[in-house]
Amino acid sequence: MNNELVFKKSSYSAHGQNCVEVAHIPTGFRKSSYSSAQSQNCVEVAELPCGAAVRDSKNPSRGHLPFPAAEWDAFLTLARDSRP
C-alpha cells in the first residue's frame, strides 16, 4: 500500500500563498467484514493509499472518517483479538 495521498492545488484557490490542497478519496466502499450479515446497521470501509476510511452504510452521503494506516492497523488488531 502506498504511504501517501496525492494532493493537488484546489481549483478554488486563488493565486496567492494561502492555497487549499485536495486529494482524491477512493469511492470503492464495501461492507466491512466485521458487520453482521443480518444487521441493517453496517459499516462500510474503503482502502486509502495511507490508511482506510469508514462510513455508515445507511447514510453514505454524510461523509466518511479517514484513519492513518497506523491507527487503522491498531484498530484491526484490537478487533481481531476481541472476537469470540
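S82 is exposed, with a relative accessible area of 53%. That value lies over the 50% cut-off, which is why the residue counts as exposed. S82 belongs to helix α1. Its side chain comes within 2.8 Å of the backbone oxygen of L78. The model shown here is a predicted one.

Now step back to the whole chain. The protein has six strands and one helix. Starting at the N terminus, the order of elements is β-β-β-β-β-β-α. The helix therefore follows the strands along the chain. There are 84 residues in the protein, and buried ones make up 21% of them. The accessible surface comes to about 6600 Å². Carbon and sulfur atoms account for 53% of that surface. Consider next the contacts in the protein with a separation of 6 or more. Of these, 23% link residues 24 or more positions apart.

The sheet comes next. Four strands form an open sheet in the order β3-β4-β5-β6, and their pairing is antiparallel. Its edges are β3, residues 30–31, and β6, residues 65–68. Each of these edge strands pairs on one side only. In general, strands of a sheet pair through backbone hydrogen bonds, in either a parallel or an antiparallel way.

Walk across the sheet from β3. Two bridges join β3 to β4 in the antiparallel sense. K31 has E44 of β4 as its bridge partner. Strand β4 covers residues 43–48, and six bridges connect β4 with β5, again antiparallel. These two strands form a hairpin, with two residues between them. Several partners can be named along this pair. V45 stands opposite V54 in β5. E47 is bridged to A52 of β5. L48 has G51 of β5 as its bridge partner. On the other side of β5 comes β6. Four bridges join β5 and β6, which run antiparallel. Here A53 stands opposite P66 of β6.

Where does the helix sit? Helix α1 lies across β4, β5 and β6. The angle between α1 and β6 is about 95 degrees.

Which residues form the largest nonpolar core? There are five: V45, A52, V54, W72 and L76. Strand β5, residues 51–56, and helix α1, residues 69–82, each supply at least two of them. In soluble globular proteins, nonpolar side chains tend to be buried together.

V45 is a good residue to follow through this core. Leave out residues up to four places away in sequence. V45 then touches A52, V54 and W72, among others. The list of its contacts also includes G28, F29, R30, S32 and A53.

Beside V45 in the sequence comes E44, which is also in strand β4. Is E44 buried or exposed? E44 is buried, because its relative accessibility is 16%, and the cut-off for buried is under 20%. The side chain of E44 makes a polar contact with the side chain of R55, at 2.6 Å. Other contacts of E44 reach beyond four places in sequence. Among them are F29, R30, K31 and S32, and also A53, V54 and S57. K31 is thus both a contact and a bridge partner of E44.

At the edge of the sheet, look at F67 in strand β6. F67 has a relative accessible area of 28%, so it is partly exposed. Beyond four places in sequence, F67 is in contact with C50, G51, A52, V54 and W72. Three of these names, A52, V54 and W72, also appear in the nonpolar core. The C-alpha atoms of F67 and V54 are separated by 8.2 Å, with the two residues 13 apart along the chain.

To gather the picture: the open sheet runs β3-β4-β5-β6. Helix α1 lies across β4, β5 and β6. The largest nonpolar core draws at least two residues each from β5 and α1. E44 is buried in this arrangement, F67 is partly exposed, and S82 is exposed.

How values were computed
Residues are numbered from 1 along each chain as its sequence is written. This is a predicted model: local features need pLDDT of at least 70, side-chain atom pairs count only at pLDDT 80 or more; totals for chains, interfaces and linings use all residues. Side-chain values use heavy atoms; hydrogens and water are left out. Buried means under 20% relative accessible area, exposed over 50%, partly exposed in between (1.4 Å probe, protein chains only). Contact means heavy atoms within 4.5 Å. Accessible areas come from the Shrake-Rupley method with a 1.4 Å probe; for residues, only the protein chains shown count as cover. A nonpolar core is a set of buried Ala, Val, Leu, Ile, Met, Phe, Trp, Tyr and Cys residues joined through side-chain atoms within 4.5 Å. Axes are lines fitted to C-alpha atoms, for helices over the stretch in contact, and angles run from 0 to 180 degrees between N-to-C directions. A polar contact is a pair of N or O atoms within 3.5 Å; within protein, one must be able to donate a hydrogen and the other to accept it, and residues adjacent in sequence count only if both atoms are side-chain atoms.
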